[in-house]
Amino acid sequence: MRRVLRAAVAAVTLTGAGTMVAGTPAHAALPGWGRPTVTAAVPQPGDPGLGDTYFPDYGNGGYDVEHYDVRLRYDPGTDRLSGTTTILARATQDLSRFNLDFLLDVESVRVNGWAATTRTEGAHELVVTPSRTITKGQDLTIVVRYAGVPSETEVGGYTGWTRTDDGALAVNEPESAWWWFPSNDHPLDKATYDVSVSVPTGVEVVSNGVQPRPPLAEAGNRSRWSWRTTSPTATYLAFLAIGQYDIVTDTAPNGQPVVNAYSTSLGELAPAARASIERTAEIVAWASGIFGPYPFEAQGGVAGPVDGITFALETQTRPVYGPGFWRRGSNTSVVVHENAHQWFGDSVSVARWQDIWLNEGFASYAEWLWSEEQGEGTAQELFDFTYASYPEDSEFWQVPPGDPGAGRIFDDAVYDRGAMALHQLRLAVGDDAFFEILPAWTAAHRHGNATIAQFQALAERISGLDLTDFFTTWLFTAGRPDVPGSAARKAAPPVEPKSWAKIREAHRLLAH
């Protein structure tokens, strides 16, 4: 659920008396004069965290990752995972050592071809000491060989790897990479990915992006599946789904590939899953008209197995859904929610986890807009009913969505009060400004990171209004905000919108 890169600055000094050269004034040879020279900074260890306000040990300082090449071998029968991850990065300071976030047993690490020494530290830190000093700006090729049983590897009694009857799921937020590839695990350090996994023939592997090639046959009755994403991706948004899947491919109206995968274990839940996920391209096309151009190279979704995850996650290009969303029939609300995250959370990612409202509040409000589009309840009707659903003395109102606390980043208030805040912003600035703000936001921070303060500044610039009191009240102040018509709502509770049950059901599972 869960940086500020610090670069060492080279010191500039003046030399003492030096050799005179032609054209150099005589006084240049006197003590205290001379050409300025750059003295190399003393190499320092990279920080073991990026200083996130909620999770300060997530991510690492001293380098910036550009690409992960993750090459794995997995055996569903034993849950054993082995492989090699090659990390292409660039140093942001002179480094004596640096950290990776990782949990499995490491066999070897090489940095630019030279063997490095390693040790573990803390809950998830792999400390790498290269044979040679790394200088600021230097390109790094970090090769890590490793193996282990992810489901038996825990932090505080918890594992982010879900073993299933026929395979596994590497899907979780705010951390899941630790269990299957070494990384700089914070949204501030996005990268591109090549992921390939060797599995027994007949087992499917689904990940982000597109398939650069069909599965390749390997010796020992095995097949290697490959996936590539060329868009910057946060580490927690990279995923693996391994097992028995029916894979359905198509082309979206915008020409992009659509890849949907359905666990064969779904049984009677499969039709509802298909009736929901197969509308992904339609939903993406609708959302593109509101939020701006779809930011990635592929679309789709994965309906996970009955013994898999109990939530859904906006894994980039292809959200993964737990089976609970289909137990009462189709649910496009959750498909809207996870695909809205492709803009709000995936393309525009949080700069710090405290700003989770920028992800969940926006994705939740997208459900209200979809309800309005489908004629199942307007956003105003959903606001009225949501507002009335939480009594004034409810604990719900004590969690400020703009700073919910590290242990409550998936609290109901982040979703529901977060959506209510956006609706009140819409009323405050008017529809014209509001629907200008949304695509302007996704364009300004496309494939980057942002904060609530930056969103407020953009909303104020476009609307011409001072929104300080508004944001303070709705996002940062405990207690139920007053809104016009509150007394009337008490006297005559609003009618439940048709879409409410599906939205409520989705949020019950999402706020895991």
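# A walk through the aromatic pairs and the core

Select Phe 181 to begin: with 0% relative accessibility, Phe 181 counts as buried. You are looking at a predicted model, so please read every value below as computed from its atoms.

**Stop 1: the partner of Phe 181.** Now add Tyr 68 to the selection. Tyr 68 is also buried, at 0% relative accessibility. By the ring rule the count comes to 38 aromatic pairs, and Tyr 68 with Phe 181 is one of them: the arrangement is edge-to-face, with 5.3 Å centre to centre and 70° between the planes. Colour by secondary structure and you will find Tyr 68 in strand β4 (residues 63-75), while Phe 181 belongs to the loop between β12 (167-170) and β13 (191-200), so this pair ties together parts that are 113 residues apart in sequence.

**Stop 2: a pair between helices.** Next, select Phe 385 and Trp 500. Their ring centres are 5.1 Å apart and their planes meet at 70°, so this pair is edge-to-face. Phe 385 sits in helix α5 (residues 379-389) and Trp 500 in helix α11 (residues 500-510), so parts 115 residues apart in sequence are tied together here. Both rings are on the buried side of the 20% cut-off: Phe 385 has 14% relative accessibility and Trp 500 has 9%.

**Stop 3: the ring cluster and the core.** Select Phe 291, Tyr 294, Phe 296, Trp 343, Phe 344, Trp 357, Phe 362, Trp 441, Phe 455, Phe 470 and Phe 471 together; ring pairs link them into a cluster. Then centre on Phe 455. Leaving aside residues up to four places away in sequence, Phe 455 touches Trp 357, Leu 358, Phe 362, Leu 422, Leu 425, Ile 437, Trp 441 and Phe 471. Phe 455 is also among the residues with the most contacts inside the largest nonpolar core, which has 146 residues; Trp 180, Leu 240, Phe 291, Trp 326 and Trp 357 are the others listed. In soluble globular proteins, nonpolar side chains tend to be buried together.

**Stop 4: arginines over rings.** Move to Arg 480, in the loop between α9 (468-476) and α10 (486-491). Is Arg 480 buried or exposed? At 18% relative accessibility, Arg 480 counts as buried. Show Tyr 387 as well: Arg 480 lies over the face of that ring, at 4.2 Å from the ring centre. Add Glu 392, and you will see its C-alpha atom 6.0 Å from that of Arg 480, although the two residues are 88 apart along the chain. For another arginine over a ring, select Arg 274, whose charged end sits over Tyr 262 at 4.4 Å from the ring centre.

**Stop 5: Val 258.** Strand β19 (residues 257-263) holds Val 258, which counts as buried at 6% relative accessibility. Beyond residues up to four places away in sequence, its contacts are Val 248, Thr 249, Asp 250, Thr 251, Ala 252, Ala 281, Gln 299 and Gly 300. Measure across to Thr 280 too: the C-alpha atoms are 8.5 Å apart in space, with the two positions 22 residues apart in sequence numbering.

**Last stop: zoom out.** Show the protein chain as a cartoon, and look for 11 helices and 24 strands. Its C-alpha atoms fill a box of roughly 90 × 65 × 45 Å along the principal axes. The radius of gyration is 25 Å, which agrees with the value near 24 Å for a compact globule of 512 residues. Of those 512 residues, 56% are buried. Switch on the surface to finish: the accessible area is about 19800 Å², and 52% of this belongs to carbon and sulfur atoms.

Definitions and conventions:
Residues numbered from 1 in each chain as written. Predicted model: local features only at pLDDT ≥ 70, side-chain atom pairs only at ≥ 80, totals over all residues. Heavy atoms only, no water. Core = buried A, V, L, I, M, F, W, Y, C linked by side-chain atoms within 4.5 Å. Buried < 20%, exposed > 50% of the residue type's maximum accessible area, 1.4 Å probe, protein only. Contact = heavy atoms within 4.5 Å. Phe/Tyr/Trp six-rings, centres within 6.5 Å; stacked < 30°, edge-to-face > 60°. Helix = DSSP H or I, 4+ residues; strand = E, 2+ residues; numbered from the N terminus. Lys NZ or Arg CZ within 6 Å of the ring centre and 35° of its normal. Rg over C-alpha atoms; globule rule 2.2 N^0.38 Å. Areas by Shrake-Rupley, 256 points an atom, 1.4 Å probe, with all protein chains shown as cover.
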